[in-house]
Amino acid sequence: MAMVSVFKNYEELSVFAAEQIISVVQQKPAAVLCLAAGNTPKLTYQKVVALAKERKVDFSAAIFIGLDEWIGIGPTIEGSCYNFLNELLFAPLSIQLNHIHFFDAIENDPETECLRIDNIINVLGGIDLTLVGIGMNGHVGFNEPGFDPNLNAHVVVLDAVTSKVGQKYFKENRELTKGITLGIAQIMASGKVLLLANGKNKAGIIHKTLQENIAVSVPASFIREHPNGLILLDEEAASELP
Ligand code: GLP
């Protein structure tokens, strides 16, 4: 069962999450990391970069797998998952391009992309650490409510909530109708999973995730069953828990 930890604030939560990533890479320099985009882990990644520089932690052998991507939004567009991670992590850590495996649904057929990424994960022997955020509807990556837990990477028609909330990442209005994501099966097969949530607006969905039955209606609830899962919350996100 995953462990739930509540931190005083976003800063403390982010430092803890960053230390987890640093420690996986210190133990296994060629670690395979799958890290979500989104506002939640922003500070975690800034802390990772700062700690890596301060402690001279070598990320040059680490491999990065994309968790998800908006279909139709290219890697150069600010707000795409790739662009987000590139700005916050890959560029500051000088990660080589051939160590980054993201879905490219612009250049390639999305279904083919799913198989390509599945294959890379298999060849690498699985993911060592996955960090996910939680959508306002409980999604993880783009595993939306009602998802099929047996799927590997797949194409998703986005939930209306996700299409609406997703606009926050973009400077101009974007058509966000489809996404491509790793399946929950791949996330659950990771050596370690961190689920992060901060802020008052996540309190309701965190309550559902942790207090109701584990169900496909709340994809994040599956993480509770990860044997090496850490559900990291700040006090605001935990404020509706008993
Ligand atoms: C987005 C992404 C997820 C992310 C989640 C939460 O739509 N597809 O990977 O974790 O929603 O985002 P945020 O951290 O900005 O709340």
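How far does a backbone N or O atom of Asn39 lie from an oxygen atom of the ligand, and what is that distance in Å? It comes to 2.8 Å for Asn39. Keep in mind that this is a predicted model, so treat the values as computed from it.

**Around the ligand**

Let's look at where the ligand ends up. It sits in the largest pocket. There are 15 residues around the ligand, and the ones that come nearest are Asn39, Thr40, Asp68, Tyr169 and Lys202. If you sort the shell by chemical character, you get six nonpolar, six polar and three charged residues.

Asn39 has company when it comes to oxygen atoms of the ligand. Here are three polar contacts with the ligand, side by side:

| Residue | Atom on the protein side | Distance to a ligand oxygen atom |
|---|---|---|
| Asn39 | backbone N or O | 2.8 Å |
| His139 | polar side-chain atom | 2.9 Å |
| Gly133 | backbone N or O | 3.4 Å |

So how much of the ligand's surface does the protein bury? Taken alone, the ligand exposes 390 Å², and the protein buries 95% of that.

**Salt bridges**

Now for the charged side chains. The count of salt bridges comes to six. One of them joins the side chains of Lys28 and Asp128, with 3.0 Å from N to O. Another links the side chains of Lys8 and Glu12, where N and O are 3.2 Å apart.

Are the two partners in that second pair buried or exposed? Lys8 has a relative accessible area of 55%, so it counts as exposed, because the cut-off for that is over 50%. Glu12 has a relative accessible area of 34%, and it is partly exposed because that value falls between the 20% and 50% limits.

Key: Residues are numbered from 1 along each chain as its sequence is written. This is a predicted model: local features need pLDDT of at least 70, side-chain atom pairs count only at pLDDT 80 or more; totals for chains, interfaces and linings use all residues. Side-chain values use heavy atoms; hydrogens and water are left out. A residue is near a molecule or strand if one of its heavy atoms lies within 4 Å of it. A polar contact is a pair of N or O atoms within 3.5 Å; within protein, one must be able to donate a hydrogen and the other to accept it, and residues adjacent in sequence count only if both atoms are side-chain atoms. Accessible areas come from the Shrake-Rupley method with a 1.4 Å probe; for residues, only the protein chains shown count as cover. On a 1 Å grid over the protein atoms alone, a cavity is a set of points where a 1.4 Å probe fits but cannot get out, and a pocket is an open set with protein on both sides within 12 Å along at least five of seven lines; lining residues have an atom within 4 Å of a point. A molecule sits in a cavity or pocket if more than half of its atoms lie within 2 Å of its grid points. Ala, Val, Leu, Ile, Met, Phe, Trp, Tyr, Cys and Pro count as nonpolar, Asp, Glu, Lys and Arg as charged, and the others, Gly among them, as polar. A salt bridge is a side-chain nitrogen of Lys or Arg within 4 Å of a carboxyl oxygen of Asp or Glu. Buried means under 20% relative accessible area, exposed over 50%, partly exposed in between (1.4 Å probe, protein chains only).
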